[in-house]
Amino acid sequence: MPKVTRSKLKILMPLVALVVLAACASSPPQPEVDFKPGYDFKAVSKIAFYDESGLVSGDNPILLSDMERERIDLALETALRNKGYQILDPKDAGQADLLISWHLATADKTDVRSYETPAMGASFGRYGYYNRYSMYNCWACMPTQTQVSVRNYTEGTFVVDMIDPKLRRSVWRSTIESRLKDKNNRDQNKYNAAAENIFAAFPAR
């Protein structure tokens with residue numbers, strides 16, 4: 001097992017922990033969970049961060065600040081402590097039963113939508129003569145034109161893996177997807193709530 005140390009610089013979207021982890025939406029997206037069948041999670045009590053935690057892949061990578069990293073790590077630590085696990089210091093990671101690693105994958109996407117609007121300069125014909133309000137109560141009577149709306153956005157997939165250091169593979173994974181927004185979130189409570197959501201299906205001690 002390689003020595004567990006933290007890398008100083010990691011690449012990430014400005015809002016990774018943000019909209020994906022901090023879940024700014026009124027109804028946060030629900031994570032998808034997968035795990036190794038038959039794995040004995042009851043034998044797990046000590047957890048530490050993996051040295052490769054915090055990596056990013058995909059589009060629009062930028063450097064993640066230490067403050068953003070701390071908010072994410074603290075939220076994940078808090079959620080696991082609330083489930084009864086002991087979080088080890090990085091220097092003691094060799095004693096951990098599981099290693100936690102989070103990763104963000106970003107992808108640029110385009111949302112194309114079409115909708116009908118009244119054609120400019122439309123004539124009401126006989127409907128306008130008999131009913132000046134026909135524009136409002138006879139929409140089907142009016143000529144229309146198709147408008148197309150194109151919006152570019154970045155989708156983020158936030159992945160949390162619990163790695164068995166002896167097997168050197170993930171034995172539990174939680175994945176959550178959301179659109180990233182260009183707005184940083186400094187509210188630690190939102191990060192904590194999102195982390196609780198991510199670990200909702202993780203076995204408690």
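# Exercises on a predicted chain

In this predicted model, pLDDT (the predictor's confidence in each residue, from 0 to 100) stays under 50 over residues 123-131, for which the model has eight contacts beyond four places in sequence, a contact being heavy atoms within 4.5 Å. Residues are numbered from 1 along each chain as its sequence is written. Because the model is predicted, local features need pLDDT of at least 70 and side-chain atom pairs count only at pLDDT 80 or more, while totals for chains, interfaces and linings use all residues, and side-chain values use heavy atoms, with hydrogens and water left out.

**Exercise 1. Describe the confidence along the chain and its secondary structure.**

Step 1. The average pLDDT of the chain is 76, and 66% of the residues score at least 70.

Step 2. Among the elements, strand β1 (residues 11-12) has the lowest mean pLDDT, 32, and β3 the highest, 98. Over residues 1-19 the pLDDT is below 50, and this stretch has 75 contacts in the model beyond near neighbours in sequence.

Step 3. Five helices and nine strands make up the secondary structure, where helices (H or I, at least four residues) and strands (E, at least two) are DSSP runs numbered from the N terminus.

**Exercise 2. Identify the largest nonpolar core and the elements that supply it.**

Step 1. A nonpolar core is a set of buried Ala, Val, Leu, Ile, Met, Phe, Trp, Tyr and Cys residues joined through side-chain atoms within 4.5 Å; buried means under 20% relative accessible area, exposed over 50%, and partly exposed in between, with a 1.4 Å probe and protein chains only.

Step 2. The largest such core has 28 residues, of which I47, L76, L80, I100, M162, F199 and F202 touch the most other members. At least two residues of this core come from each of β3 (46-49), α2, β7 (98-118), β8 (144-164), β9 (169-180) and α5 (188-198), and α2 gives the most, with five residues.

Step 3. Leaving aside neighbours within four places in sequence, L80 is in contact with I47, Y85, I87, I100, M162, F199 and F202. A second, separate core of six residues includes L88, A93, A96 and I163.

Step 4. Helix α2 (residues 66-82) also holds M67, which is exposed, with a relative accessible area of 53%.

**Exercise 3. Work out how W172 pairs with aromatic rings in the segment after α5.**

Step 1. Rings of Phe, Tyr and Trp (its six-membered ring) pair if their centres lie within 6.5 Å, and planes under 30 degrees apart count as stacked, over 60 as edge-to-face and the rest as tilted. By this rule the count comes to seven aromatic pairs.

Step 2. The rings of W172 and F199 have centres 5.7 Å apart and planes at 15°, so the pair is stacked. Since W172 lies in strand β9 and F199 in the segment after α5, this pair ties together parts that are 27 residues apart in sequence.

Step 3. W172 counts as buried at 2% relative accessibility, and F199 is buried with a relative accessible area of 0%.

Step 4. For W172 and F202, the ring centres are 4.9 Å apart and the planes at 80°, so the pair is edge-to-face. This pair links distant parts of the chain, with W172 in strand β9 and F202 in the segment after α5, 30 residues apart.

Step 5. Ring pairs link Y39, F41, Y85, W172, F199 and F202 into a cluster.
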